[in-house]
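User: Please look closely at one part of this model and explain how it fits with its surroundings. I am in my first year, so give the cut-off for each term when you use it.

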Amino acid sequence: MKPVRRSTQPTSEVPQWYVFRSGEAKGPYTRLQLWEVQEITARTKVRRGEAEWQRAGEIPELASYLNQK
């Protein structure tokens, strides 16, 4: 059995997150860009792709990060 090779290059995330600010959708952003560029909070309205708008704190994937701040 051959050993499994892992990629040495980091996998880049596809920008798929949108932020609702000042009455308009902005994006797409990666999750990292949500934190660094948009500086989202738990109350920031976001969506992934064409999903419904939700507060970032209601999305488990984002809430776990927001709770670490």
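Analyst: What follows starts with one strand and moves outward to its neighbours.

This is a predicted model, in which local features need pLDDT of at least 70 and side-chain atom pairs count only at pLDDT 80 or more, while totals for chains, interfaces and linings use all residues. Residues are numbered from 1 along each chain as its sequence is written, and side-chain values use heavy atoms, with hydrogens and water left out.

The part chosen is strand β3, residues 45-48. Strands (E, at least two residues) and helices (H or I, at least four) are DSSP runs, numbered from the N terminus. Two strands pair if DSSP finds at least two bridges between them. On one side, β3 pairs with β1 (residues 17-21) in the antiparallel sense, over 4 bridges. Phe 20 stands opposite Lys 45 in this pairing, and Trp 17 stands opposite Arg 48. β3 is also joined to β4 (residues 54-55) by 2 bridges, again antiparallel. Here Val 46 is opposite Gln 54. β3 and β4 form a hairpin with 5 residues between the strands, where Gly 49 has a positive phi near 60°.

These pairings belong to an open sheet of 4 strands in the order β2-β1-β3-β4, with antiparallel pairing. β2 and β4 are the edge strands, each with a single partner, so one side of each has no neighbour in the sheet. On the β2 side, 4 bridges join β1 to β2 (residues 24-29), and the two run antiparallel. Arg 21 stands opposite Glu 24. The hairpin of β1 and β2 has 2 residues between its strands. Ser 22 is in the loop between these strands and has a positive phi near 50°, although it is not a glycine. Ser 22 counts as exposed because its relative accessibility is 72%; buried means under 20% relative accessible area, exposed means over 50%, and partly exposed is in between (1.4 Å probe, protein chains only). β2 also contains Pro 28, and the peptide bond from Gly 27 to Pro 28 is cis, with omega near 10°.

Back in β3, where does the side chain of Arg 47 reach? It comes to 3.0 Å from the backbone oxygen of Gly 49. That is a polar contact, meaning a pair of N or O atoms within 3.5 Å; within protein, one must be able to donate a hydrogen and the other to accept it, and residues adjacent in sequence count only if both atoms are side-chain atoms. Arg 47 is buried but has no salt bridge, and the nearest side chain of opposite charge, Glu 50, is 4.4 Å away. A salt bridge is a side-chain nitrogen of Lys or Arg within 4 Å of a carboxyl oxygen of Asp or Glu. Lys and Arg count as positive, Asp and Glu as negative, and His and the chain ends are not counted. Contact means heavy atoms within 4.5 Å. Leaving out residues up to four places away in sequence, Arg 47 touches Gln 16, Trp 17, Tyr 18, Glu 52 and Trp 53.

Thr 44 is in the loop between α1 (31-36) and β3. Thr 44 counts as buried because its relative accessibility is 8%. Its side chain reaches the backbone nitrogen of Thr 41 at 2.8 Å. With residues up to four places away in sequence left out, Thr 44 touches Val 19, Arg 21, Gln 54, Arg 55 and Ala 56. Arg 55 is in β4 and counts as partly exposed because its relative accessible area is 33%. The loop between α1 and β3 also holds Glu 39, whose phi is positive, about 50°, although it is not a glycine.

Val 46 leads from the sheet to the nonpolar core. The largest such core has 11 residues, including Val 46, Trp 17, Val 19, Leu 34 and Leu 62. The elements giving two or more residues to this core are β1, α1 and α2 (60-66). A nonpolar core is a set of buried Ala, Val, Leu, Ile, Met, Phe, Trp, Tyr and Cys residues joined through side-chain atoms within 4.5 Å. In soluble globular proteins, nonpolar side chains tend to be buried together. Leaving aside neighbours within four places in sequence, Leu 62 is in contact with Trp 17, Arg 31, Leu 34, Trp 35, Val 46 and Ala 56.
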